[in-house]
Amino acid sequence: MKNNKILLLVVIATIISAWFYFDLSHFLTLEYAKREQLALQHHITENPVIAYVSFFSLYVLVTALSIPGASILTLLGAALFGFWTSLIIVSFASTIGATLAFLSSRFILRDWVQSKFGHRLATLNKGIEKEGAFYLLSLRLIPVFPFFLINLLMGLTSIKTRTFFWVSQLGMLAGTAVYINAGTQLGKIESLSGIISAPVLTSLFLLGLFPLIVKWVMKTMKNKKRYQQWQQPTHFDQNLVVIGAGAGGLVSAYIAAAVKAEVTLIERHKMGGDCLNTGCVPSKALIRAAHTAADINHAARLGIDAQINSVDFSKVMARIQHVIQKIEPHDSIERYSKLGVNCITGDAKILSPWEVEVNGSRITTRNIVIATGARPLVPAIAGLDDVDYLTSDTIWQLKALPKRLLILGGGPIGCELAQSFCRLGAAVTMVEMAPQLLIREDTDAATLIEQSLTHDGVTLLLQHKAIRFESTIDVHGQRTQSAVLEHNNQLITVEFDAVMLALGRVANVQGFGLEQLGITTTERGTVAVNQYLQTQYPNIYAVGDVAGPYQLTHVAAHQAWYAAVNSLFGVLKKFKVDYSVIPAVTYTAPELARVGINEKEAQAQGIDYEVTRYGLDDLDRAIADGYDEGFIKVLTPKGSDKILGVTIVGHHGGDLLAEFTLAMRHNLGLNKILGTIHPYPTMSEGAKYTAGVWKQAHAPQKLLAWVKKYHHWMRN
């Protein structure tokens, strides 16, 4: 920190210290004002200019130094100077003092804060640049935070000084007037009976009511600005229109129908969305077949002589389609129609915040839920269109098992399908740009998955990047497809029969009217929503993959409850979506399951934590089943049994995770898990034994030393 900054900080600290040391704040009390009222008023009458300047300067000083007492000073000024005089003095003095505090904060701390926490403040800075004046005005009119705190925090942002000054002057004026009105009445109190006089009670009532009125006015003005180019219908056909029949859309429609609202669900393709048709369901059916093949191949370790003569891949794929067909009725038009949902197949287009067009018909609705999901990312890699590439959507169309399968991407989808196809007999090569698979997971967990995939025969190429694809046909008409990869500045060629892209998913935000409405999207390409899942149009909501931040079926369903309830009953009560306890599972063998934060995230957030680890090679049931690889890892605050996060790598890790998820959701610590009876022998005992490891590490050693002495005494 530069010398001039240090000097200013020392001066401010000295003045504040002197203020408290000499107890100058006792002058800023109503008791003092009442006691000295006549003397003060006489001084004001004799020397009005000096009195005005002195009070003005004192108010600026108190506000600039963020010293407690500005509110009392406002009331005192009103009692001594009257309404209009004190309004002028306090209005300008408070703004000047606030600006000085703002500038001091910016001068002393802004560079340091931005350099140290700039990446975390990037979103805030962008928001300030976009609508900083309105945001500051909202804070001034609705004092959620103390004014002195607003002054200091705003100094750390990129808002301009002149904007801060005039917005503060305007924003604090109405509130100042209410306070001064109360002060003029308090100044007239001569006895205890005066406290319950009508003028004083009215002023106090206005003080409490003012923020609510302002909040309502601000909300009304903001909404009017948003909707000004649209003509609202005089009546509505529906309470809710849901676009997209994946997990988020289905649950939104279900809840709306359950509470007897009129709801229309529009789906352009297949009910059930990606999860049923191309995601969760088919992939788990494939994993089941692959797991059976692995069990047979490893049956010898159980003393069973078995072998696989062949894998009929067409039958494997046929069973997958059968599984989809068996689950389809759960998400069918017939079922939802019986529940009271008006189901329509067609392409929806949002015409206005209250109108949706489908199949040439217009539907008016009070609310809209966007649940259009996401699609696989197809990158712009040279030559990609010249080869037979697949995605997680199209791989289920395969009729024959590719002899050589190349998979780009080492996320959950890539890992699951790489292992499954390899277990069914394909030669699988997996390419990942990062130094590890499952880059968001802890290294120890990801390493176990890497080892398992390698053991099954998957060729892992970490820190490799696909540069281009090539397709050639020789003189005999034989086609050769290959990918050119870059690794350590060297080029490597990998031939394949099929390549699958597993590089993430892109939100579906185009083609159904969001562009015309100007719906805001995030840097990740998802629809921008607030904590109530509202877009910038409060009656339009978004859930699931199209909104993020998690691309998980159960999160989409979780969000759907909030969107449906907020859209239908938000006038009465709105609920903030809760992401505090979100479980997720990668269904490899072993499974990698997680809830809460892991070590990477704890370190990034600067959280001081402890790790409790239990190896599944110690668990009786895991040993008996022959699935004793993996571990349970729990993060807790130092010295506490509160669960911050859990990572499990092991057989049926997703099922083991449920107990920890329940514990976190209801604030149950490891001691509660340890005190719960678990059936023996089961994998679920792993949770109890993990809690036992924590308990042993936190045993009260001093107390136990005395207990040992007690037992010794009892023996003698």
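Let us start at proline 549, which sits in the loop between strand β17 (540-542) and helix α18 (553-569). The peptide bond that leads into this proline from glycine 548 is cis, with omega near 0°. Keep in mind as you look around that this is a predicted model. A second cis peptide bond can be found further along the chain, where tyrosine 680 is joined to proline 681 with an omega of about -10°. Proline 681, too, belongs to a loop, the one between α22 (670-674) and α23. What makes such spots worth a look? Most peptide bonds are trans, and most residues other than glycine have a negative phi.

That last remark brings us to two residues with positive phi. Histidine 652 has a phi near 55°, a positive value in a residue that is not glycine. You will find histidine 652 in the loop between β22 (645-650) and α21 (653-665). Is this histidine buried, partly exposed or exposed? With a relative accessible area of 40%, histidine 652 counts as partly exposed, because that class covers values from 20% to 50%. Asparagine 667 is the other one to look at: its phi is positive as well, about 55°, although asparagine 667 is not a glycine. Its place is the loop between α21 and α22. Here the relative accessible area is 67%, so asparagine 667 is exposed.

Now step back for a moment to see the whole chain. The protein chain holds 24 helices and 22 strands. It has 716 residues, and 46% of them count as buried. Contacts tell us something about how the chain folds back on itself. If you take the contacts in the protein chain with a separation of 6 or more, 66% are between residues 24 or more positions apart.

With that overview in mind, turn to a sheet of five strands. Its order is β8-β15-β9-β10-β11, the sheet is open, and the pairing is parallel. Which strands stand at the edges? They are β8 (389-391) and β11 (459-462); each has a single partner strand, so one side of each is left without a neighbour in the sheet. From one strand to the next, the twist averages 20°.

Look next at how strand β9 (residues 404-408) is paired. With β10, β9 forms five bridges in the parallel sense. Leucine 406 has threonine 429 in β10 as its bridge partner. β9 is also joined to strand β15 (residues 498-501), by four bridges, and these two strands run parallel. In that pairing, isoleucine 407 has methionine 500 of β15 as its bridge partner. Helix α15 packs on this sheet, where it touches β9, β10 and β15, and its direction makes about 165° with that of β10. Strand β10 (residues 427-432) is mostly covered, with five of its six residues buried.

Helix α15 has a helix partner as well. Two packed helices are described by the angle between their axes and the distance between the axes. Helix α15 (residues 412-423) packs with helix α16 (residues 443-456) at an angle of about 25°, and their axes are 9 Å apart. Angles under 35 degrees count as roughly parallel, and α15 and α16 are therefore roughly parallel to each other. The crossing in which α15 passes α16 is left-handed. On the α15 side, the contact is made by Cys415, Gln419, Cys422 and Arg423, while α16 brings Ser452, Leu453 and Asp456. These contact residues divide into three nonpolar, two polar and two charged.

Our last stop is another open sheet of five strands. Here the order is β18-β19-β22-β21-β20, and the pairing is antiparallel. β18 (583-586) and β20 (609-615) stand at the edges, each with a single partner strand, so one side of each has no neighbour in the sheet. The twist in this sheet averages 10° from one strand to the next. How many bridges join β20 to strand β21 (residues 631-637)? There are seven, and the two strands run antiparallel. Within this sheet, valine 611 stands opposite leucine 635 in β21. Finally, helix α23 (residues 685-697) lies across β20 and β21, running at about 130° to β20.

Methods. Residues are numbered from 1 along each chain as its sequence is written. This is a predicted model: local features need pLDDT of at least 70, side-chain atom pairs count only at pLDDT 80 or more; totals for chains, interfaces and linings use all residues. Side-chain values use heavy atoms; hydrogens and water are left out. Two strands pair if DSSP finds at least two bridges between them. Axes are lines fitted to C-alpha atoms, for helices over the stretch in contact, and angles run from 0 to 180 degrees between N-to-C directions. Contact means heavy atoms within 4.5 Å. Angles under 35 degrees count as roughly parallel, over 145 as roughly antiparallel, 65 to 115 as roughly perpendicular and the rest as oblique. A crossing is left-handed if the near helix is turned anticlockwise from the far one by less than a right angle, and right-handed if clockwise. Ala, Val, Leu, Ile, Met, Phe, Trp, Tyr, Cys and Pro count as nonpolar, Asp, Glu, Lys and Arg as charged, and the others, Gly among them, as polar. Buried means under 20% relative accessible area, exposed over 50%, partly exposed in between (1.4 Å probe, protein chains only).
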